[in-house]
Amino acid sequence: MRVYVPLTLPALAEAHRTGELGSGPFVAYAVTPALREWYLSEDIEELEYAALGRAALASLRLLAADPEAVRRRTVVAVDVPDGAASVDPDRGLEPSALGMVTVTVSVPLAKAASVHVDAEDAEPDVAAAADALGAADGGDDDAQFVVDGADDHELLWFATQEIPNLIGRG
């Protein structure tokens, strides 16, 4: 099963240092039954893109909680064994939990398929979105507009061999 793990660049640097993406349990995003129902598509690439988008929003939440992190959303795509990721049956249909899974096994970073990161020019919009997230969660429409502005930036695709360059150790 392909899962999308939301991170920050400092968390990616830590995963690179330790060689482990996560030791379980940790949150990731995937094509779940609820995400399929919500997105109304049978195209697996579209569904995976939607799961990636959900992980990007979760990365934004991580950035909001870490004011020192570089303001670039970061998501790692990795394949885990079937049964290693599960949906919380009590939260599966909640809008905030669409696509959310819990990965229960250790995942070596070497198993990652790709890394998705904002370009440098997205940093001002991502920073503004991270700052506005709390107000948007509280129902502020103007703040939600700012948060949605981060989605105007596509995450760039990187091969795992490029991680050292992404974290400044290349």
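Start with helix H3 and its buried side: Leu-47, Ala-50, Ala-51, Leu-52, Arg-54, Ala-55, Ala-56, Ala-58, Ser-59, Leu-60 and Leu-63 are the buried residues here. Keep in mind that this is a predicted model.

H3 covers residues 44-65, and its length checks out: at 1.5 Å a residue, its 22 residues should span 32 Å, and the end C-alpha atoms do sit 32 Å apart, so the two agree. At the N-terminal end, Asp-43 acts as the cap, with a side-chain oxygen 2.8 Å from the backbone nitrogen of Glu-45.

H3 also matters for the pockets. Here are the top two side by side:

| Pocket | Volume | Residues from H3 | Lining by class |
|---|---|---|---|
| Largest | about 500 Å³ | nine residues | 13 nonpolar, four polar, seven charged |
| Second largest | about 190 Å³ | four residues | seven nonpolar, one polar, two charged |

What lies closest to the centre of the largest pocket? Among its 24 lining residues, that would be Gly-53, Arg-54, Ala-56, Arg-73 and Asp-151. H3 gives the most to this lining, while H2 (33-39), H3, H4 (123-137) and H5 (141-149) each chip in at least two residues.

As for the second largest pocket, its lining is made up of Tyr-29, Trp-38, Arg-54, Leu-57, Ala-58, Arg-61, Pro-95, Ser-96, Leu-98 and Met-100. H3 is again the top contributor to that lining.

Arg-54 is worth a look in the viewer: it is one of the buried residues of H3, it is among the residues closest to the centre of the largest pocket, and it also lines the second largest pocket.

Key
Residues numbered from 1 in each chain as written. Predicted model: local features only at pLDDT ≥ 70, side-chain atom pairs only at ≥ 80, totals over all residues. Heavy atoms only, no water. Expected span 1.5 Å × (residues − 1). Buried < 20%, exposed > 50% of the residue type's maximum accessible area, 1.4 Å probe, protein only. Polar contact = N/O pair within 3.5 Å; in protein donor to acceptor, adjacent residues only side chain to side chain. 1 Å grid on protein atoms, 1.4 Å probe; cavity = no way out; pocket = protein on both sides within 12 Å on 5 of 7 lines; lining within 4 Å. Points joined across faces, edges and corners; volume = space filled by probe spheres on them. Nonpolar A, V, L, I, M, F, W, Y, C, P; charged D, E, K, R; others polar.
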